[in-house]
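Here is a short note for a colleague who is opening this structure for the first time. Please keep the sequence and the 3D view side by side while reading.

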Amino acid sequence: MRSGLHRAGRMVLLGLGVLLGAPGMADDARHSGWYVGAGFGVNWMSDADQAGYNRDMICYPVNDCTNKDTIDGYRWFYDLDMDHGNMFELVVGRGFGNVRLEMSANRRENDIDQEFAAITYFDGTRVLEDSGSAYTNRPGPEYSIDRLRTQTLQLNAYYDFPLAHPRVTPYVGAGVGMSHVKLYGLYFRDEYSCTSGCDAARSPPEAYNSLQDEDLSDTVFSWHLHAGADYSLGDRLLLGLKLTYSEMDDLRDSGSYIDHPFPDEPNHTKISDMDHWSLTLGLKYLLGG
């Protein structure tokens, strides 16, 4: 489903470029010179994936570890549902007839709904529940993520397609850049208590508690495809609408626990399959040659 969506989006952008560049259209040169611009709009993301691990060697009292010789860590997996968000962009560029080079800086934000998928030991063995345990962590761990912020600096190249209408200039483009991705409010809390028969004095349940609450970030490579059109409001002012598809490399970062059986135990997080669609309404001001 996800790869099909990506292929469909790319085919739409490619098809628009082929259509607009079809023979029979005039090839007159457009504006040459510097311009600046700003835009705002909405962005939406497909579902992303979260994976993490630590090297915690504890067998927790609610787990059945009878068939596990050694524990060398845990792995966990979540599905991330990205909500629609906002975006803002600043650009500076230069036109060379029908070709434009542009540097842009933009920021996108998306709230996140986190859904637990699975937990295993470090080697991939499934973690089984001990139904006869004298401990409990009911109703279970609490987990959430607040939001994802993406700040990107990118270099784009555009080709403007002249049409019969003197005020409308459609275009396609592509770009590469670096994106600073920050994950806010990564939260995990798991607390244990006795049910019946546990020795709270010798093995207190709170000794197994875990708490994590932090922000993670990374700077990753990103690439972008664009299609849009500008409408001339006068000699120097353009009003435009732009559709952009962006993909980013995985966010990878390490964090620490506020509370954990091993106080200094680090944990590692990867957020993968991050991509954005954005629709931007923008203004460009032509500075001249």
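1. Start with the lining of the largest pocket. β9 contributes the most to this lining, with 4 residues. Bear in mind that the model is predicted. β9 spans residues 168-190.

2. The largest pocket encloses about 950 Å³ of space. Its lining counts 39 residues, and those closest to the centre are I119, N137, P141, F188 and D190. Several strands give at least two residues each to this lining, among them β2 (48-54), β3 (74-82), β11 (210-232) and β14 (266-272). By class, the lining has 19 nonpolar, 14 polar and 6 charged residues.

3. Turn next to strand β4, residues 85-96. In a regular strand, side chains alternate between the two faces of the sheet. Which residues of β4 point to the buried face? They are G85, M87, E89, V91, G93 and G95. N86, F88, L90, V92, R94 and F96 point to the other face and are not buried.

4. β4 has a partner in β1, residues 33-45. The two strands pair in the antiparallel sense, over 11 bridges. Within this pairing, E89 of β4 stands opposite G39.

5. β4 also pairs with β5, residues 99-121. These two strands run antiparallel and are joined by 11 bridges. M87 has R108 of β5 as its bridge partner. The hairpin of β4 and β5 has 2 residues between the strands. There, G97 takes a positive phi near 75°.

6. How many cavities of 30 Å³ or more does the structure hold? There are 2. The largest has a volume of about 160 Å³. It is lined by 18 residues, of which E89, Y171, K242, G282 and K284 are closest to its centre. E89 is thus worth a second look: in β4, E89 points to the buried face.

7. Five strands are worth tracing around the largest cavity. β1, β4, β5, β12 and β15 (275-288) give two or more residues to its lining. β15 supplies the largest share, 5 residues. The lining divides into 7 nonpolar, 5 polar and 6 charged residues.

8. The second largest cavity has a volume of about 40 Å³. M87 and R108 both line this cavity, and they are also bridge partners. E89 and K242 are in its lining too. The others are N106, Q154, H224, H226, T244, S278 and T280. β4, β5, β11, β12 and β15 each supply at least two of the residues. By class, there are 1 nonpolar, 7 polar and 3 charged residues.

9. Now look at the aromatic rings. The structure holds 14 aromatic pairs. One of them joins F116 and Y143 in a tilted arrangement, 6.4 Å centre to centre and with 45° between the planes. F116 lies in β5 and Y143 in β7 (residues 142-144), so the pair ties together parts 27 residues apart in sequence. Are these rings buried or exposed? F116 is partly exposed, at 37% relative accessible area. Y143 is also partly exposed, at 32%.

10. W223 and Y245 form an edge-to-face aromatic pair, 5.9 Å centre to centre and with 65° between the planes. W223 sits in β11 and Y245 in β12 (residues 237-248), so this pair links distant parts of the chain, 22 residues apart. W223 is partly exposed, with a relative accessible area of 28%. Y245 has a relative accessibility of 1% and counts as buried.

11. Some rings form a cluster. Ring pairs link Y60, Y74, Y121, Y135, Y192 and Y208.

12. Two arginines sit over rings. The charged end of R75 is over the ring of F122, 4.0 Å from the ring centre. The charged end of R147 is over the ring of Y184, 3.9 Å from the ring centre.

13. Finish with R55, in the loop between β2 and β3. R55 is partly exposed, at 40% relative accessibility. How far apart are R55 and D72 in space, C-alpha to C-alpha? The distance is 5.5 Å, although R55 and D72 are 17 residues apart in sequence.

Conventions: Residues numbered from 1 in each chain as written. Predicted model: local features only at pLDDT ≥ 70, side-chain atom pairs only at ≥ 80, totals over all residues. Heavy atoms only, no water. Buried < 20%, exposed > 50% of the residue type's maximum accessible area, 1.4 Å probe, protein only. Pairing = 2+ DSSP bridges. 1 Å grid on protein atoms, 1.4 Å probe; cavity = no way out; pocket = protein on both sides within 12 Å on 5 of 7 lines; lining within 4 Å. Points joined across faces, edges and corners; volume = space filled by probe spheres on them. Nonpolar A, V, L, I, M, F, W, Y, C, P; charged D, E, K, R; others polar. Phe/Tyr/Trp six-rings, centres within 6.5 Å; stacked < 30°, edge-to-face > 60°. Lys NZ or Arg CZ within 6 Å of the ring centre and 35° of its normal.
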